[in-house]
Amino acid sequence: MAGQPPDQPIRVLLDSFHDASQSEAMGELRSAGMALTLSRRRLTAGALRRYHVLVVRTHTPKRFTAAELQAIEAFVAEGGGLLLTSSAPRFELSTGRPASEMPAQTVAALFGYRFLSADETSGTPRLDRRFRVGFAREDVTVASNAPAGFGPHPPDMGAWLPVEAPEGAEPLLMHRRTRQPLAATSAHGAGRACVAGEPLGHVNAACHLAPLVRWLARDAEQRSGHKIPETAGPAPRHKRFAGIDVSYDATAEDVLDDTLAIVLRAREQVLKLLGSKRPLPDECALVDGCIQTEGWWNQGRIGCRGEPWTVAWDTAFNAVAQMVELYHTGEMCVSLFPEGTLMRFLSIEVLRRMGYGDQADRLHEMALALYDEDDPKHVGGDLARIYWATEKWHPKGYWTLDRLVSRFGMGLFKRLYEVLPEKEPVRDLPTHTWYSDKMIYYLSLAAGEDLFPWFAEIGTTVHPIPIIKPDDKRAKSAFRECAIEAARTGSASERMDAIGGLARLEEKERSKLPRRVAELVAGVRMADDDDARAAQVLSRIMKRKPDSQDAALAGLQLASLGTPDACRRLPALAAGEDTRFRLWSGYALSKAGRADAELAVSTVGGVDVQLYTDLEIHARAEGYEVANVVSTVGWAQFPHGSFATRFFVYWVHTSPQWRRMGLSRELFAEAMAHPQAQTCSTFALHTGTRNVAHRMYAEFGFVDMIGTVKHTKLLTTGGQCPPPDGVMIRVMKDGEEESVRRLIGEVIAAGCSDWPCRVPELGARNRAVMAWEGGKLVGVAVGSAGVDGEGQLKAVCVRRDHKQAGAVGAAALTALHSRLVEDGSTKIEVRADPQSSFWGQVLGLAGYSAAADGGVTMLGIRDLAQLFGEIRTLYEKRIREGKCPDWRGRVMLMGDRLQAGLEVDGGKVAVITGKPRDGDVVVTAPDWVITRFVTGRETPMEGYLQTFSRIEPRPSPGVMQVLETLFPQTPWIRGDPLS
């Protein structure tokens, strides 16, 4: 993994002219010390001479000119590096034409390569959930002679197909069994080329992309530098079309009108299919490429390059996805039809209604064929137990939808969206039921028939709910009777769930419960209320029925209270019960300090560790995945172009019915101990302060960096804030975009963040206001009109040395409000750090109201010495430019686990470890305080005054000046909006 970036950055040109659909994937190269230009222009020899590496990723039909091909070949022959990636399956699906006609083939041919189609490969390619043919990630392996730092695990790219490589080429990625190259590298003249059979969309920049680009760049550090722009070519444009705010790539102007016509038709058909009870968002982005329904992260982005039917398919999927994901209730839809299954089924129907019947039929047949291949007898796959968060394709869900439509017609879905609640399921639904049961309940209401027996018949775990409409007077009592029956006759875990729900009933209703149920309900309610009588009630049940299931339920509650006798007896009582109850019991014992290995998930079920682009760790129970922790490696941002290696945990999730069993904690511990995590100096995540996970993360060394408070402003009220004397506020003029972006970039560069921050582009939809003083730009505010009248704030930045930064920011922000009102915005929300004095002044003066949000960014330091080494040049800069440039000495930070220091001599800084020596400045503090010092969230002076730290030999003015120079207060950059 990359450490400190080289002094001479590698310059990379990303071709976005031929395909703009995946430009975001390259952004993190900047964190690896590289300079990147995203180019929306045709390639020329003159432009290429300024760069070390050219990246071309395309599977569109947009052709390369003869001049472009000549320029590319000459660029590599003269010492440049080329990364060329394309996908034959994507091209074939988008255009209906053979892989031999791919424009990317003409670039590959320059270097002796060819992209192969599925019928030209050995092995057995498969159809994936996006209807592409290729090899799955488990078929891919990294070649032993890959460039230094690449891997050692393969990236998770999608549907790979091999490439035909020239003689002498070295494989980079191979098919695990056939050893065919899926990506290969070779020399060409004085340069190098790498060709891969799948676009680099979801790729780990630290483990794959950056090492490969460095290898392609060869001797880049010895070449003379050139200043390059971040973007080249026309910026995205904007227009209003049929009530929709449309941003689009200027290079797609030739297909804009046809694409917009398709967008309008698709939205109309989606509303006819699903009803207009919930409106579609009134914005979209047209990209000069082929998106091909990548997933939820591409919602609103439509590829407009390809055959009309593929644009229609892309548009249909986007509109359906927004209806299903933005407005579905809780986790019901995905609990039964996981990972886009429902979206794809409905999108195919929209495609058919738009007049593309042949293509819709072909996709439909492909989806059903997947199920036939996966389960020829149609007997496997329990929909209620399939874990949707694995992002795997589950063909049975598609087959199930097809059977439902054959019975009830496509009108079923419109009726479903009429009965689905907008926020949460009906509160009175029995608590022992799963989210999949709730979905079946609403499907039954839409169908007018009880579907629980049918779902059970096709192998789905069900907990039937009475099919009575929520507003029926009989509903409440029917749901209660259902819960009582589960509390009497269900499995141990079902009984526990049902009893927990019944415990929340009013006393009058609890008095009507059957005696056996009522006693358990009373004990559970008392335990939840910390009533001292709970132990007496539950112990009585255990004594009266010592070997019964009732005793197991009572024992679980007593173990949760830490009762020694119950902890001793619970393992034997739980041994014969269902898996969920055993895991539940194991967690209760671990919390009581009596962990039992026989009741841990590694014994009761299992833990799978998979490392591709991301580190994925899953818990299994009863043969199905039930929880995951997903992490990735990358960089954390420190001031002035310094970056530290960072292990980012971006998804911790457990299926609802498997929660409160300690699964997340066990998986999280596995992730933090993994070798990939151990390569990074820091670790980070985002969470909320109002959940139990926040405390767990703190126990693993994560420290709160920045909390958020939601600030709201109604833009129809209030006026503008006057700027300070001598400051002029005005709207940005044409040609001033780079000045605005430069100031935002300076503010970003001065701060810390758990994620590399990028300067927002100033497209046609964005509005910008500038603050000038003495002929210099001192502040900016950038925003745009969002969805349904809600404006979006992109940045409010003021030079940090300005004495009235808050007043300047407020004046610019309120002037921006006027521009957003002109665009139809009536409201704006901002999430800001409550500890930021800048945001406090800006939003207070601008008239925003505040409400607690609970969100928090957490960061921890795994290895302090490694971190100091990665950002060592930052400390040299601070010493040289601070108040003590001639100081010499050693500063040691001594925490419980975090212990390292800096030796300063003549403006140079070295990292030191070991025990302090006589004469050293030693700061002793808990690890969480050390973390906040190093990240600039708290200064050593603040820590000392609050008695969190001890400074030796003494906190003299000179010593404090050195400490405040090395570890000053540093703004934390949230990303969007920037401050």
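Q: Thr947 is found in which loop?
A: This is a predicted model. Thr947 has a phi near 60°, a positive value in a residue other than glycine. Its relative accessible area is 68%, and the cut-off for exposed is over 50%, so Thr947 is exposed. The residue is found in the loop between α33 (940-945) and β34.

Q: Which residue is joined to Glu952 by a cis peptide bond?
A: The partner lies in the loop between β34 (950-952) and α34 (957-966). Omega of the bond is about 5°. The residue joined to Glu952 is Pro953.

Q: Where does Pro152 lie?
A: A cis peptide bond joins Pro152 to Gly151. Omega is about 10° there. Pro152 lies in the loop between β8 (140-142) and β9 (163-164).

Q: At what angle do helix α18 and helix α19 pack?
A: Two packed helices are described by the angle between their axes and the distance between the axes. Helix α18 covers residues 515-528 and helix α19 covers residues 534-544. Their axes are 8 Å apart. The angle is about 145°.

Q: Is the crossing of α18 and α19 left-handed or right-handed?
A: The α18 side of the contact includes Glu519, Leu520 and Met526. Among the α19 residues they meet are Val537, Leu538 and Ile541. The crossing of these two helices is left-handed.

Q: How many residues of the contact of α18 with α19 are nonpolar?
A: The contact takes in Gly523 and Ala527 from α18, and Ala534, Arg540 and Arg544 from α19, among others. Of its residues, 3 are charged and 1 is polar. The nonpolar ones number 7.

Q: Is Asp530 buried or exposed?
A: Asp530 lies in the loop between α18 and α19. Its phi is positive, about 55°, although the residue is not a glycine. Relative accessibility is 69%, and the cut-off is over 50%, so Asp530 counts as exposed.

Q: Is Arg267 buried or exposed?
A: Arg267 has its place in helix α6 (residues 256-274). Leaving aside neighbours within four places in sequence, it is in contact with Ile244, Leu280, Pro281 and Asp282. Its relative accessible area is 14%, and the cut-off is under 20%, so Arg267 is buried.

Q: How many bridges join strand β20 to β21?
A: Strand β20 spans residues 624-638 and runs antiparallel to β21. One facing pair is Trp635 opposite Thr645 in β21. The bridges number 12.

Q: Which residue in the turn between β20 and β21 has a positive phi?
A: The two strands form a hairpin. There are 3 residues between them. Phi is about 60° at the residue in question, His640.

Q: Which residue in β22 stands opposite Arg646?
A: Strand β22 (residues 682-688) runs parallel to β21. The two strands are joined by 3 bridges. Opposite Arg646 stands Thr682.

Q: How many residues of strand β21 are buried?
A: Strand β21 spans residues 642-654. It is mostly covered. Of its 13 residues, the buried ones number 10.

Q: How many residues apart in sequence are the parts tied together by Asp823 and Arg767?
A: The side chains of Asp823 and Arg767 meet in a salt bridge, 2.7 Å from N to O. Asp823 lies in the loop between α28 (805-822) and β28 (827-832), and Arg767 in strand β25 (residues 766-773), so the pair ties together parts whose separation in sequence is 56 residues.

Q: Which residue forms a salt bridge with Glu120?
A: The closest N and O atoms of the pair are 2.8 Å apart. Glu120 is partly exposed at 37% relative accessibility. Its partner is partly exposed too, at 31%. That partner is Arg114.

Q: What is the N to O distance in the salt bridge of Glu829 and Arg831?
A: Glu829 counts as partly exposed, at 23% relative accessibility. Arg831 is also partly exposed, with a relative accessible area of 34%. Their side chains meet in a salt bridge with an N to O distance of 3.9 Å.

Q: How many salt bridges does a search of the whole structure find?
A: Some salt bridges share partners. Those of Lys62, Asp254, Asp288 and Arg305 join these residues into one network. The search of the whole structure finds a total of 49.

Note on methods
Residues are numbered from 1 along each chain as its sequence is written. This is a predicted model: local features need pLDDT of at least 70, side-chain atom pairs count only at pLDDT 80 or more; totals for chains, interfaces and linings use all residues. Side-chain values use heavy atoms; hydrogens and water are left out. Axes are lines fitted to C-alpha atoms, for helices over the stretch in contact, and angles run from 0 to 180 degrees between N-to-C directions. Helices (H or I, at least four residues) and strands (E, at least two) are DSSP runs, numbered from the N terminus. A crossing is left-handed if the near helix is turned anticlockwise from the far one by less than a right angle, and right-handed if clockwise. Contact means heavy atoms within 4.5 Å. Ala, Val, Leu, Ile, Met, Phe, Trp, Tyr, Cys and Pro count as nonpolar, Asp, Glu, Lys and Arg as charged, and the others, Gly among them, as polar. Buried means under 20% relative accessible area, exposed over 50%, partly exposed in between (1.4 Å probe, protein chains only). Two strands pair if DSSP finds at least two bridges between them. A salt bridge is a side-chain nitrogen of Lys or Arg within 4 Å of a carboxyl oxygen of Asp or Glu.
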